[in-house]
Amino acid sequence: MPLPAPPTIPGLRFRPLGGRRDYAGMVAVHRACAEVDGLDEVVTEAELANFVENADSLDPSLDITLADVEGRAVAYSWISHRLQTAGDELHFHRGYVHPAWRRRGLGAAMLHQMTRRAEACRLGSVGRRFLQSYIADGEVSAAALLSSRGYAPVRYSFKMVRDLSQPIPDLPLPSGLEVRPAEAAHFRAIWEAEREAFQDHWGYAPWPEENYQRFLAFPHYDPSLWRVAWDGDQVAGSVLSYIHPEENSEHGRLRGYTEDISVRRPWRRRGLASALIARSLAALKERGMTEAALEVDSENPTGALRVYQRLGFTAIWRRSLFRRALGAPAA
């Protein structure tokens, strides 16, 4: 449902995603936003391709919108739609407006469009329906816009970093478990174990098959860095580390990520996550990295934040989850 271009921006049009030809413009918008807003991340065309072409909770033709002026991308947004196992309906959205084009109504127009889309997209919920978006502390304009529309922060997550020059503990695996090299024949079992483990996380919605395809196509995964613990023929837990070379080049650093940290219920509270993370830190150091990073829900029910702190990770920035009940009046 396209919106009319604000009269203060001649030549502006809102349009659906046009395919791969749009990725470069979206990357440029995100890069400009990251620099101004202090976002500690880099988005690549390969990542956008994986996000769009293996979409697991959005329809790219309806849920991704670009704003351009005379063919040049100046903003973009997307919204996804998930039904939680608890019965609530979540419409998660993000938007980026190039800093040179801010304060002209673009962000408000795109937020209005995403809200209309969420209103029209019903998933058969028997519970509540929410609009929500993660906003980093540096995204002051975005936070102000959401607050003005009735959103409020309800949850927080931290980006944490660990200096690999500090000693890495040698932690034993729980009895009966072993770490084996990750092979292609194992990928499905690893993903299924992770999907099962993440069911306990706040706001969980079932992972569809498209999520597995996105998992396989993630451009930075390196199975040689993965540390997967097995109990016989069952995956007990894993840490799927990776290196993002474009991000390291952009920021002039040598960072690896210890992400997709998961332990299935029968093997929790036995030190498995700590042992796998320690092995992952050592692997990243051997690969030449000088620091490791991860992101964690501040209220993770498995106590992950405390585990990471004990292993030497410290928080460097925060995201807030802003939420508003869908159908509630905007402020």
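# Close-ups of a predicted model

**View 1. An arginine meets a ring.** Arg323 lies over the face of Phe130, at 4.1 Å from the ring centre. Keep in mind here, and in every view below, that this is a predicted model. Phe130 belongs to strand E5, where Phe130 stands opposite Leu90. The two strands behind that match are E4 and E5 (residues 129–136), which run parallel and are joined by four bridges.

**View 2. The E3–E4 hairpin.** Staying with E4, look at its other partner: E3 and E4 make a hairpin, with five residues between the two strands. They pair in the antiparallel sense over nine bridges. To find your place along the ladder, pick out Trp78, whose bridge partner in E4 is Arg94. At the turn, Gly87 has a positive phi of about 105 degrees. As for E4 itself, eight of its nine residues are buried, so the strand is largely enclosed by the rest of the structure. A handy thing to remember while looking at strands: side chains in a regular strand alternate between the two faces of the sheet.

**View 3. Two tyrosines across the hairpin strands.** The whole structure holds 18 aromatic pairs. One of them is Tyr76 with Tyr96, a tilted pair with 5.2 Å from centre to centre and 35 degrees between the planes. This pair links distant parts of the chain, since Tyr76 sits in strand E3 (residues 72–83) and Tyr96 in strand E4 (residues 89–97), 20 residues apart. Are these two tyrosines buried or exposed? Tyr76 has a relative accessibility of 3% and counts as buried, because the cut-off for buried is under 20%. Tyr96, at 9%, counts as buried too.

**View 4. Trp191 and Tyr212, a pair between helices.** Here the ring centres of Trp191 and Tyr212 are 5.1 Å apart and the planes stand at 50 degrees, so this pair is tilted. Again, distant parts of the chain are linked: Trp191 comes from helix H6 (residues 187–197) and Tyr212 from helix H7 (residues 209–217), 21 residues apart. Both Trp191 and Tyr212 are buried. Tyr212 has a charged visitor as well, with the charged end of Arg188 sitting over its ring, 4.4 Å from the centre. Step back a little and you'll see that Trp191 and Tyr212 belong to a cluster linked by ring pairs, whose members include Phe187, Phe198, Tyr204, Trp207 and Phe215. Phe218, Tyr221, Trp226, Tyr242 and Tyr257 are also among the members of this cluster.

**View 5. An open sheet with helices lying across it.** Which strands make up this sheet, and in what order? There are four, in the order E7-E8-E9-E12, paired antiparallel, and the sheet is open. Strand E7 (178–180) and strand E12 (262–263) stand at the edges with a single partner strand each, so one side of each has no neighbour in the sheet. In the middle of that order, five bridges join strand E8 (residues 227–231) to strand E9 (residues 234–239), and these two run antiparallel. Arg227 gives you a marker, standing opposite Val239 in E9. Now for the helices: H6 lies across E8, E9 and E12, at about 80 degrees to E9. Helix H9 (residues 272–286) lies across E7, E8, E9 and E12, and runs at about 50 degrees to E9.

**View 6. Thr85 in its loop.** Thr85 is found in the loop between E3 and E4. With a relative accessibility of 56%, Thr85 counts as exposed. What does Thr85 touch, leaving out residues up to four places away in sequence? The contacts are Tyr204, Ala205 and Pro206. For a sense of scale, the C-alpha atoms of Thr85 and Arg270 are separated by 27 Å, and these residues are 185 apart along the chain.

**View 7. Two loop residues with positive phi.** Arg103, a residue other than glycine, has a positive phi, near 65 degrees. You'll find Arg103 in the loop between E4 and helix H4 (106–120), and with a relative accessible area of 78% this arginine is exposed. Asp260 is another non-glycine residue with a positive phi, near 50 degrees. Look for Asp260 in the loop between strand E11 (255–257) and E12.

**View 8. Cysteines without a disulfide.** The count of disulfides comes to zero. Cys33 is buried, with a relative accessible area of 1%. Cys121 is buried as well, at 13%.

Terms used. Residues are numbered from 1 along each chain as its sequence is written. This is a predicted model: local features need pLDDT of at least 70, side-chain atom pairs count only at pLDDT 80 or more; totals for chains, interfaces and linings use all residues. Side-chain values use heavy atoms; hydrogens and water are left out. Rings of Phe, Tyr and Trp (its six-membered ring) pair if their centres lie within 6.5 Å; planes under 30 degrees apart count as stacked, over 60 as edge-to-face and the rest as tilted. Buried means under 20% relative accessible area, exposed over 50%, partly exposed in between (1.4 Å probe, protein chains only). A charge sits over a ring if NZ of Lys or CZ of Arg is within 6 Å of the ring centre and within 35 degrees of the ring normal. Two strands pair if DSSP finds at least two bridges between them. Contact means heavy atoms within 4.5 Å. Axes are lines fitted to C-alpha atoms, for helices over the stretch in contact, and angles run from 0 to 180 degrees between N-to-C directions. A disulfide is a pair of cysteine sulfur atoms within 2.5 Å.
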